[in-house]
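Me: Please go through this model with me, one local feature at a time.

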Amino acid sequence: MDEFLKNKVIIIAENDDTLATEISFHIKKQGFTNIKFAKDGSKIYEILRLYYNEPEKMGLIIVNKNLPQCQVSEMCKTLSEGESDHTIPFIITGVEKVSYHHTTDISFLNRQVTLPINYSELSLIIDFLLMMKHERFLRFQQQEVLINELAERKVVDAKLKYLVAHDELTSLLNRQNFESQLRLILNRNNLLTPHAALLFIDIDHFSLINELEGFETGDKLLIDIVSLIRQILSRDDLFARIGSDEFCIFLENASEINIIQFANKIRKKIYDFRFSTRDVSYSITISVGIANFNSKNIISHPSEIISQARQACHMAKQNGRNLVWEYNENDSSVQQRNRDIYLAPLIRNALLGKKFFLAYQPVVNLNTGEISHYEALIRMKGEGVEIVYPNDFIPVAERMGLIHSIDLWVISEAIDFLAKLPAEKNHISIAINLSGVAFQDNLLLPAIKEKLELTWVDAKRITFEITETAAVESFEQTRKMIMKIRALGCKFALDDFGAGFCSFNYLKTFPVDYVKIDGQFIRNLPHDETDKVLVKSMADIASKLGKKTIAEFVETAETIVILKELGIDFGQGYFFGKPDTSLHASNTISIAELIHTNQKKNKISIF
Ligand code: C2E
Ligand code: MG
Ligand code: MG
């Protein structure tokens, strides 16, 4: 028998002292050391109480069937049955006949012995019962661990489920869950739930609080705002946090209340509240956008209505914040946004398929009338025959982070175009527009280098046009990048010169070869004296700095005469030719013919 079982407490509950001593003598011989005696029932309980907190130390009880003050069968039942670490085996002595059947008062952990006691039999029973008890004890412990584990796991599961559906900070529904709840409502009400509305709430200048006071304070503000709004809402209104400081409320019975008044009530509640942190007190405002569900506004997906309410909120912000704004599809920014939504997948597809193409517009030397080079201008095929122009899709591509890919595509396509030109045209060079963020792309330089090496196109035939925005992020980084690309042999032009506030500063800083005077100064040149003065000063400064000047938007022959007088070197515009997918005329170095035709028409002598 295992040694540790020998230390278990064995209670000999026997009022016959001689018998008690005899039993004790035998079990001591068997190796048991911890023997207690009880002459009646109450003594048994007294001993048991000592081990209540250490049930594993208890062994078993050998009890006389007729022990005084003891309902033996009752005691056996309560102490030896059930699944607990407190169950104790009993050996009942003094029975007349051993019953081997399981009756109600003889449980699995009970055994009976007759008198006179057969001690070798008793010793077997003791061993067996102690082993059984120990087994049960272990099983119980494992079960307990398992139950605890399960309970814990259930809590974790429930917590996870809750977290998946809710925002941890505010305990509001999160976007995903909010959308699925909305979807259910939309389905339930057969696509349209009349008189329902969605509010989109955005905290004005929230990032300022975050920056000034730290994220913890920002979190506290969010919690405060949620509890303020909660006070106005009814329990059933869906309330969700769908962005860092963006909340949505779905009001199903909006017909019963004036929704704008209700939104204003929320706005006012926040406006009246003062948010205090340490010794500063902030007044907080929110902008609220409303999208209504009605027969004119058919909604098939929850994200649509959220997007409408968000656009309305955006309008509220644009119009001064701390406002409630209702979605109206005729708002200009709403239309712009819808256009963005329409263009985004087109741009993505255009990059994958062959939907982008380049048009080439000549840049003419105003002194010789010869084409100096062509500017490559990107276009995108829209749905059907529609052509989308860069002013429309480049800003969208920038917002989507696709602009670097477009820059790389244009570079590759334009250089390929040069490489494929027949030998007699290998004097032709190209100007490529780079986006404002092109220099933040580490792949730009190696891509240009690799393409030039692969195609054997002379780097001198490439001019990159950059705008002032290119340098806004980092003057120094842009300057260094220009130097590196120039080291390959490429040239640079400062595009849209004069359109920004710091054009002259950029001109001073960046090593460019050309200055392209923005079209707004050229278009009305013949009729605007101020433009003439401005263009003259730009031309003077550029020439002093050793840069060539290009005038954009040259639309009339008259303009050319003035540009020449003002000392501008090159011209580009519809007068010389619109952007086209094929190069100008057959072998056109000179477009003098075109000028002459116009010259005859306008009776102006140019060259
Ligand atoms: P930009 O580089 O200043 O290009 C000149 C724009 O003026 C072109 O518009 C051109 O078609 C237009 N234009 C040329 N001559 C005249 C004229 O006489 N009158 C008028 N009214 N317009 C004239 P486009 O092609 O729509 O390009 C607009 C802008 O989009 C470009 O301005 C450039 O900033 C950008 N862009 C064009 N192609 C690319 C490109 O491949 N990559 C990048 N990143 N931007 C490009
Ligand atoms: Mg350009
Ligand atoms: Mg320009």
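**Loops, metal site and pocket**

Reply: Asn322 sits in the loop that runs between helix H9 (302–318) and strand S13 (324–326); helices (H or I, at least four residues) and strands (E, at least two) are DSSP runs, numbered from the N terminus. This is a predicted model, in which local features need pLDDT of at least 70, side-chain atom pairs count only at pLDDT 80 or more, and totals for chains, interfaces and linings use all residues. Residues are numbered from 1 along each chain as its sequence is written, chains are lettered from A and ligands numbered from 1 in the order in which they are written, and side-chain values use heavy atoms, with hydrogens and water left out.

Me: Does Asn322 count as buried or exposed?

Reply: Buried means under 20% relative accessible area, exposed over 50%, and partly exposed in between (1.4 Å probe, protein chains only). Asn322 has 19% relative accessibility, so the residue counts as buried.

Me: Does Gln69 count as buried or exposed?

Reply: Gln69 is placed in the loop between strand S3 (58–64) and helix H3 (72–80). Its phi is near 50 degrees, a positive value in a residue other than glycine. The relative accessibility of Gln69 is 62%, so this residue counts as exposed.

Me: Which protein residues are donors of the magnesium ion (ligand 2)?

Reply: Donors are N, O and S atoms within 2.8 Å of the metal (3.2 Å for Na, K and Ca); water is not among the atoms, so sites may look incomplete. The protein donors lie 2.0 to 2.2 Å from the ion, and they are Glu375 (OE), Asn433 (OD1), Glu465 (OE) and Asp495 (OD).

Me: How many residues apart in sequence are the parts that Glu375 and Asp495 tie together?

Reply: Asp495 also bridges the magnesium ion (ligand 2) and the magnesium ion (ligand 3), which lie 4.2 Å apart. Glu375 belongs to strand S15 (residues 371–381) and Asp495 to strand S19 (residues 491–497), so the pair ties together parts separated in sequence by 120 residues.

Me: Which residues lie nearest the centre of the largest pocket?

Reply: On a 1 Å grid over the protein atoms alone, a pocket is an open set of points where a 1.4 Å probe fits, with protein on both sides within 12 Å along at least five of seven lines; lining residues have an atom within 4 Å of a point. The lining has 41 residues, and those nearest the centre are Glu375, Leu377, Pro390, Asn391 and Asn433.
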